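With the structure open in your viewer, please follow the stops below in order, making each selection before reading on.

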Amino acid sequence: MTQETAAATTDAVLDREETISRDELEALQLSRLQHTVAYAYDRVPLYKRKFDEAGVHPTDLRELSDLAKFPFTTKEDLRLEYPFGMFAVPQNEVARIHASSGTTGRATVVGYTKKDLADWAKLVARSLRASGVRPGMKVHNAYGYGLFTGGMGAHAGAEALGCTVIPISGGQTERQITLIQDFKPDAILATPTYLLTIADAMIKQGIDPASTSLKYAVLGAEPWTEEMRHELEVTMNIKACDIYGLSEVMGPGVAGEAVETQDGSHIWEDHFRPEIIDAFDPSVVLGDGEPGELVFTSLTKEALPIIRYRTKDLTRLLPGTARPAHRRMGRITGRSDDMIILRGVNLFPSQIEEIALRIPELSPHFQLELTRPEGHRMDQMTVKIERRDAVTAEGAAAAAKVLQQQIKIHVGSSCAVDVVDPGSLERSNGKLRRIYDMRPKG
Ligand code: DLL
């Protein structure tokens, strides 16, 4: 059982591990890490093979920095071991299975023992509580249920915290609005772009999104910016915090943001050891504050221990604030595989979001279209973005110019901007697709 202590900074009762010192946390990490690498080596043939090939043995892990000697694990490894080759326990000890959608290639399958599920619920509960959710609150859970970890992961965490959960899942936006009006939830859990879809649909129905009972939103599963936070907080009169996670490492709740500081998600380092590596030269482990690719090693997982998993998420590690022993992660600027390379310039959709939302005539609804026009050798990017409702045609044309200039200045790319009518672009139902790559393959 987790021992609980009262924290000085909030009215909430925190887990003991949230309040321990960095030294105590690192000692805990080391013993858990030593156990995990030995456990993975003994039980998962892939790890034994990889460690042997790299010439490392679990006994080589004497201090935390020794982790850098161990080989990485990638999504490709999980795909090759499809479906259950990464599992470290017999199937009858696996209490639940989740999987990624597998839009590209085979699905990646992950499993949980009963204890893993309890730890996961505890960490989601910890994240929700950090973001302002309290026992007894009604929580509207609009993350998708099913094989995706968002729905059931958030659900179990909200229940573990002692909330009343409304398991609506994603989609059926009209119905979501009716239930928000009738059940009067205090908090909503959704992807940021799906919350935007809900707010937008409310406005269409003549409901002021700022007038609902909602006070808190805990948003994640896709990259979002400070500008988007501001947009959602003002439109809906809520406090919006980040929650981060990925199925290979657990699901939502690997890290969560504190509402009193709103300065990035604290990684729950009693269960995960993060590293930042140079995405182009993975042998280089970078220091805190330096941007690179986030890598995780699980410290307590039984069914699917994961050693140095390359997330492809680009961010940096920052010192803890609201939970001093646990480092924070900066906002995810993007995934290395979502990076657009446009005529030699690297860019991420989040950069466009950041710039567009500073232009009052433009809405947060946008798509990026990549094409290579007939007879051209050069790629072209078109930003398709909806104007805000009250904006005239002249206003929209001027805003398009400003956006184009700002992208040129801040990103360094020339692109076309097409300001379209409100409501004309596809709305999010969960994780929103921003990039439409129509360039010829090869
Ligand atoms: O998206 C887990 C999740 C569900 C997190 C609900 C938060 C809320 P996957 O489907 O495996 O798991 O996708 C994981 O989504 O590697 C990131 O690229 C992205 N991602 C998740 N949370 C955030 C976030 C879930 N807060 C992938 N900010 C990750 C930015 C995020 N990107």
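Select Tyr 244 together with Ala 255 in this predicted model: Ala 255, which belongs to strand β10, is the bridge partner of Tyr 244. Now widen the selection to strand β9, residues 239-246, and to β10, and you will have two strands that run antiparallel and are joined by four bridges. The connection from β9 to β10 is a hairpin, which passes through four residues.

Keep β10 selected and add strand β11, residues 265-267, which runs antiparallel to β10 and is joined to β10 by three bridges. Within this pairing, pick out Gly 256, which stands opposite His 266 of β11.

Is β10 itself buried or exposed? Select residues 251-257 and display their accessible area: seven of the seven residues of β10 are buried, so the strand is largely enclosed by the rest of the structure.

For a contrasting stop, go to the surface and select Phe 84, Ile 97 and Leu 147, which form a nonpolar patch there, with about 270 Å² of accessible area together. To place Leu 147 along the chain, look in the loop between β5 (138-141) and α6 (149-161).

Finally, colour the model by pLDDT: the mean for the protein chain is 95, and 97% of its residues reach 70 or more. Residues 1-9, however, have pLDDT below 50, although this stretch has 18 contacts in the model beyond near neighbours in sequence. Where pLDDT is low, the predicted coordinates should not be read in detail.

How values were computed. Residues numbered from 1 in each chain as written. Predicted model: local features only at pLDDT ≥ 70, side-chain atom pairs only at ≥ 80, totals over all residues. Heavy atoms only, no water. Buried < 20%, exposed > 50% of the residue type's maximum accessible area, 1.4 Å probe, protein only. Pairing = 2+ DSSP bridges. pLDDT = per-residue confidence, 0-100. Contact = heavy atoms within 4.5 Å. Patch = residues over 30% accessible without salt bridge, like charges linked within 9 Å, V, L, I, M, F, W, Y side chains within 5 Å. Areas by Shrake-Rupley, 256 points an atom, 1.4 Å probe, with all protein chains shown as cover. Salt bridge = Lys/Arg side-chain N within 4 Å of Asp/Glu carboxyl O.
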